Amino acid sequence: MPFLLLFAAFSLLHLWMSHIRDDRVIEEGMEFTSITPNYILYLIGSKYKEWSSRTLINVMTLIMGKLPHIIWIILDSGMAVLVAWSISCLTKEKEREEVQINWFIVALLFLYPFSHMATAGWKATTVTYWWALACGLYAMLPIQRWIFGEKIRGWEYPLFFLAALYGANQEQMSAVLAGIYGCSILVIFWMVWSGQGKGKKREVIFLGVIFFICFAEFLLALFCPGNEARMGDETAIWFADYGRITWVQKLEMGISSAGYKLFYSGNLCFLVLTGIFFWLVWKKYQRQEYRIVAGIPFIMCLIMGPCYNLVSNSLEGLKKWKTGLTSYGTITVENYTEWSSYLPLIWIGIGIGCLMLTFYLVFGKSWKTFGLCVIFLIGYASRVVLGFSPTVWASSDRTYLFLYMAVIVVAVFGYQEGVRKKIWGVLEGWVFYVLAGVSFVSQIFAILG
């Protein structure tokens with residue numbers, strides 16, 4: 001039922017999505033009959049040399065632009081279900097209330113601002129980012145199977161292979177998959193070496209194959225001549241001064257842009273994450289210092305998000321923090337001598353550090369604590385790397401997708417812990433689901449607007 005509701009809701013949402021930007025360029029171009037196998041091979045080769053390493057994605061974008069609109073609506077809504085189902089599998093535990101967790105996952109996806117997928121055109125953006133995310137999450141399932149000692153069925157191998165091939169064709173997703181699989185393989189080697197390995201030899205070899213695919217696609221993107229050529233064109237168009245910025249400034253731009261999206265922009269997904277872990281620590285410990293550590297990220301999100309208009313007039317300094325992020329980052333050549341310009345970045349670091357400590361307070365010295373830190377930091381890094389691209393701002397909100405999904409996955413683990421310890425009351429449940437419903441309705445209005 002949760003997944004059926006998600007499919008129906010996303011299908012409804014798609015009915016109001018108009019044909020804009022790159023979608024119209026593709027739809028009004030050549031006839032569909034001209035897209036022959038020879039043309040596709042030509043497109044893959046020419047695009048890689050002249051424009052982009054996203055060869056598979058470029059072909060799929062062209063095909064979706066030529067097929068009837070209803071096919072894209074069905075497939076894109078299906079990708080939402082694949083995202084939710086994959087997250088459900090990846091966060092699975094041996095003992096849990098499965099339906100309750102699945103409802104929570106669906107509600108979290110309602111909190112994600114799907115209007116971000118309109119920035120380059122609905123079809124162009126979703127096929128490039130949303131589909132890559134869905135395939136990437138699905139391609140992580142072999143890791144979950146190995147952890148639980150479950151067998152990969154024969155017909156699943158080609159599906160996982162194709163999902164990894166498509167997901168890793170997007171640069172951010174290739175880095176995420178390579179990072180996740182790289183860490184997993186290191187853990188597997190350690191467990192096998194210590195005699196704790198559960199997986200069979202065939203499954204372990206397959207994990208290595210997937211890692212090789214993801215890492216190879218990451219390297220192809222890194223050294224793609226088309227990406228280099230496009231970077232030159234986009235620098236002139238979107239960020240003329242980019243070549244004069246040092247790598248330290250680029251790194252700061254990436255860190256600040258990701259941090260601002262989490263702490264200073266009213267991010268509902270992150271607010272729910274920090275709220276869940278704050279409540280878990282509050283219920284588990286009586287020591288005030290532990291509660292303060294867990295409360296810092298939550299209070300930061302609350303003050304700079306839903307409560308900002310209430311407190312901004314009383315706390316004048318918050319206005320400077322809220323607007324402190326410029327096209328050159330938070331710390332620029334104009335303000336680097338002012339100590340106050342470092343405060344927003346310092347508080348982002350404090351907030352993330354407190355969140356990491358909160359994971360430890362909830363789960364203790366365990367693999368789950370390590371895993372949550374890895375998931376969150378890889379998601380954060382997926383946006384930080386955009387600081388090394390001249391489209392760091394031109395690419396807009398769509399490049400935050402993988403950061404949002406890392407936040408959602410971590411939130412699911414926290415919610416599971418609350419379910420296991422039976423600390424979620426009726427009030428907490430209703431508040432959350434009402435928030436998800438209001439968010440979904442607001443997205444309809446955002447799309448219509």
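**Helix packing, core and charged pairs**

Student: Which residues in α20 meet Tyr 129, Trp 130 and Leu 133 in α7?

Tutor: The model is predicted, so local features need pLDDT of at least 70 and side-chain atom pairs count only at pLDDT 80 or more, whereas totals for chains, interfaces and linings use all residues. Residues are numbered from 1 along each chain as its sequence is written, and side-chain values use heavy atoms, with hydrogens and water left out. Helices (H or I, at least four residues) and strands (E, at least two) are DSSP runs numbered from the N terminus, and contact means heavy atoms within 4.5 Å. On this basis, Tyr 129, Trp 130 and Leu 133 in α7 meet three residues in α20, namely Leu 401, Phe 402 and Met 405.

Student: How far apart are the axes of α7 and α20?

Tutor: Two packed helices are described by the angle between their axes and the distance between the axes. The axes are lines fitted to C-alpha atoms, for helices over the stretch in contact, and angles run from 0 to 180 degrees between N-to-C directions. Helix α7 (residues 122-139) packs against α20 at an angle of about 30°, and the distance between their axes is 10 Å.

Student: Is the crossing of α7 and α20 left-handed or right-handed?

Tutor: A crossing is left-handed if the near helix is turned anticlockwise from the far one by less than a right angle, and right-handed if clockwise. The way in which α7 passes α20 is right-handed.

Student: Which residues have the most contacts inside the largest nonpolar core?

Tutor: A nonpolar core is a set of buried Ala, Val, Leu, Ile, Met, Phe, Trp, Tyr and Cys residues joined through side-chain atoms within 4.5 Å. Buried means under 20% relative accessible area, exposed over 50%, and partly exposed in between (1.4 Å probe, protein chains only). The largest such core has 125 residues, and those with the most contacts inside it are Trp 130, Phe 277 and Phe 376.

Student: Which helix gives the largest share of this core?

Tutor: The largest share amounts to 14 residues. They come from the helix that spans residues 401-420, which is α20.

Student: Which residues does Phe 376 touch, not counting residues up to four places away in sequence?

Tutor: Phe 376 is among the residues with the most contacts inside the largest core. With residues up to four places away in sequence set aside, Phe 376 touches Leu 262, Phe 270, Ile 352, Leu 355, Met 356, Phe 359, Ala 406, Val 407 and Val 410.

Student: How many salt bridges does the structure hold?

Tutor: A salt bridge is a side-chain nitrogen of Lys or Arg within 4 Å of a carboxyl oxygen of Asp or Glu. Under this criterion the number of salt bridges in the structure is 10.

Student: How many residues apart in sequence are the parts that Glu 150 and Lys 92 tie together?

Tutor: Glu 150 forms a salt bridge with Lys 92, their closest N and O atoms being 2.7 Å apart. Glu 150 lies in the loop between α8 (141-147) and α9 (156-167), while Lys 92 lies in the loop between α5 (69-90) and α6 (98-111). The pair therefore ties together parts whose separation in sequence, in residues, is 58.

Student: Is Arg 145, which meets Glu 150 in a salt bridge, buried or exposed?

Tutor: The salt bridge between Glu 150 and Arg 145 has an N to O distance of 3.8 Å. Glu 150 is partly exposed at 29% relative accessibility. Arg 145 has a relative accessibility of 7% and therefore counts as buried.

Student: Which residues are linked with Lys 92, Arg 145 and Glu 150 in a network of salt bridges?

Tutor: Lys 92 is partly exposed, at 27% relative accessible area. The other two residues of its network are Arg 153 and Glu 156.

Student: How far apart are the closest N and O atoms of Asp 397 and Lys 261?

Tutor: Asp 397 is partly exposed at 24% relative accessibility, whereas Lys 261 is buried at 13%. The two residues form a salt bridge, and their closest N and O atoms are separated by 3.1 Å.

Student: Why does Cys 269 form no disulfide, and which cysteine holds the closest sulfur?

Tutor: A disulfide is a pair of cysteine sulfur atoms within 2.5 Å, and the count by this rule is 0. Cys 269 is buried at 1% relative accessibility. Its sulfur is too far for a bond because a distance of 11 Å separates it from the closest cysteine sulfur, in Cys 301.
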